[in-house]
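Reader: I have just started learning to read protein models. Could you walk me through this one, one question at a time?

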Amino acid sequence: MNFATDIAERAPADGVALVELTRAGNRRCWTFAEVTQRSAALAGKLASLGVKRGDVVMTLIGNRCEWVFAMLACFRIGAVVLPCTEQLRAKDLRLRIETAAPVVILADERNRAELEAAGAGREDGTLVLLVPDERLFDSPPAAAVALEGDDPALITFTSGTAGEPKAVLHAQRYLFGQRLQAEGWLAPPRGGLVWCTASSGWSKSARNAFIAPWLMGASALLHDARFDPHERLQILAQERVDVLCMAPTEYRILAKRATLGALPGVKQLVAAGEALDPEVLRAWREATGLAIRDGYGQTETGQLTANPPDREPRPGSMGLPLPGVRLLVQDGELLLDPQTVPTFFLRYLGEQPPQGMWRTGDRVREDEDGYLFFEDREDDVIISAGYRIGPFEVESALVAHPAVAEAAAVSAPDPERGQVVRAIVVLRDGYVPSGELARELQDHVKSVTAPYKYPRIVEFVGELPKTASGKVRRALLREQAAEV
């Protein structure tokens with residue numbers, strides 16, 4: 001198998017593979033023939049520089065066409081590609097370089113300073129190639145190699161929500177295995193346009209920026225710019241996007257800061273990465289007439305569940321197991337049988353392959369129809385006076401208040417109860433922190449959920465600490481509470 005030849009080269013040559021929107025405001029459509037020619041030439045350049053099958057190539061490019069060319073070039077010659085998000089700082093990049101030992105780094109010129117601060121190319125001898133540079137595409141095309149399903153293909157790092165990020169090694173079967181979620185969740189129409197807004201370097205981007213769309217005969221939209229709620233809605237209308245795949249945080253922000261309305265052409269809204277609160281689901285449904293279909297997966301596993309496209313999604317649920325995937329709930333924790341998951345990872349770099357059932361560390365509940373509902377990470381659960389309190393429900397209650405833009409709930413030590421709920425709140429424009437508002441929020445939580453879950457501590461901040469993938473760093477917030 002080889003994704004570059006089996007999928008990209010066999011697609012209609014004149015079919016649109018990518019619709020690229022640049023930071024400068026330019027627009028270009030790339031056909032599959034053009035994508036194949038560029039990526040094969042880049043593969044030839046890498047091969048001429050000594051990159052061999054199994055070598056690691058790191059990318060730090062952003063959501064632009066050169067990132068896709070680089071991914072396909074690596075697939076073509078059997079190199080292992082490590083895509084990185086541009087939000088990473090020098091320390092983050094150094095960790096990835098030391099862990100994965102890339103022989104070449106393909107980076108956007110705008111990331112040169114951060115790479116130099118990480119010591120790349122100077123201290124470790126790694127070859128750094130900068131884009132855009134037409135000389136990267138002037139080599140004869142490299143021949144594609146025949147690969148096996150368990151040959152390494154891709155490295156993605158976990159987000160580091162509860163500790164140091166870990167390097168996850170995926171096999172070639174991970175690429176082709178995306179067909180399962182492409183059919184059972186993303187569900188683009190053949191010839192349609194998919195926009196997965198995740199930055200290159202994250203698991204969801206690796207799955208859905210172009211791989212899953214191409215497997216379904218659809219095109220992919222790349223937008224290389226910072227998130228702007230109003231611009232996002234304009235692009236949806238302008239490009240007639242069929243399927244929109246965003247992070248829950250993006251859906252929340254759009255619901256809060258933009259004027260939602262009908263989305264002409266949009267057929268599917270999907271989300272994954274963290275649970276969506278009912279307030280956001282309701283806002284999108286009322287404004288657009290479309291339901292957001294949630295799904296669930298991990299960096300290590302790929303997508304595992306989905307609200308199927310042919311059924312009315314169950315509000316608040318991350319859906320049903322994808323066809324053939326065996327999941328079970330044991331003592332409240334979600335477990336899976338890796339043998340039933342085509343996208344399950346090979347191993348963490350530096351570690352042995354995992355054995356037996358995979359413990360996700362996520363607490364879920366299952367209803368009578370088999371739908372799964374995310375509750376919390378096991379290490380995020382707050383135990384207060386014997387009560388087990390999941391932060392997500394507290395956070396959902398808080399963000400339903402008109403004054404709250406974002407909120408995080410974590411544990412804080414308490415001499416009587418062991419732990420109490422501590423809420424860290426970001427206010428919307430026009431609201432000012434005060435003791436009176438804190439009490440109002442406490443009463444609000446009591447009114448919408450079990451009273452024992454209300455935050456006994458309310459703090460106001462300008463922004464929440466987050467990982468580069470946009471997830472709240474609850475572990476850091478707990479540490480801060482313990483130090484007080």
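Author: Here are some questions and answers about sheets, helices and cores. This is a predicted model, in which local features need pLDDT of at least 70 and side-chain atom pairs count only at pLDDT 80 or more, while totals for chains, interfaces and linings use all residues. Residues are numbered from 1 along each chain as its sequence is written, and side-chain values use heavy atoms, with hydrogens and water left out.

Reader: Which strands stand at the edges of the nine-strand open sheet?
Author: Strands (E, at least two residues) and helices (H or I, at least four) are DSSP runs numbered from the N terminus, and two strands pair if DSSP finds at least two bridges between them. The order here is β2-β1-β10-β9-β11-β12-β13-β14-β15, with mixed pairing. An edge strand pairs on one side only, and those strands are β2 (27-31) and β15.

Reader: Which residue is the bridge partner of V19 in β2?
Author: Strand β1 (residues 16-21) pairs with β2 in the antiparallel sense, over five bridges. Within β2, the partner of V19 is C29.

Reader: How many residues does the hairpin between β13 and β14 pass through?
Author: Strand β13 (residues 292-298) and β14 run antiparallel and are joined by four bridges. Q298 stands opposite G302 in β14. The hairpin that joins β13 to β14 passes through three residues.

Reader: Is β14 mostly covered or mostly open, and how many of its residues are buried?
Author: Buried means under 20% relative accessible area, exposed over 50%, and partly exposed in between (1.4 Å probe, protein chains only). β14 also pairs with strand β15 (residues 320-321), antiparallel over two bridges, and T305 stands opposite P321 there. Strand β14 (residues 302-306) is mostly covered, and its buried residues number five of five.

Reader: Why is α11 called oblique to α12?
Author: Helix α11 (residues 248-257) and helix α12 (residues 278-288) pack with their axes 10 Å apart, at an angle of about 60°. Axes are lines fitted to C-alpha atoms, for helices over the stretch in contact, and angles run from 0 to 180 degrees between N-to-C directions. Angles under 35 degrees count as roughly parallel, over 145 as roughly antiparallel, 65 to 115 as roughly perpendicular and the rest as oblique. The angle between the two helices therefore makes α11, relative to α12, oblique.

Reader: Which residues of α12 meet α11?
Author: Contact means heavy atoms within 4.5 Å. On the α11 side, the residues are Y251, R252, L254 and A255. On the α12 side, they are V280, A283 and W284.

Reader: Which helix gives the most to the largest nonpolar core?
Author: A nonpolar core is a set of buried Ala, Val, Leu, Ile, Met, Phe, Trp, Tyr and Cys residues joined through side-chain atoms within 4.5 Å. The largest one has 49 residues, and those with the most contacts inside it include L46 and L72. With eleven residues, the helix that gives the most is α3 (residues 65-77).

Reader: Why does each edge strand of the three-strand sheet have one side without a neighbour, and which strands are they?
Author: This open sheet has the order β23-β24-β25 and mixed pairing. Strand β24 (residues 418-427) pairs with β25 in the parallel sense over four bridges. Each edge strand has a single partner, so one side is left without a neighbour in the sheet; these strands are β23 (404-414) and β25 (457-460).
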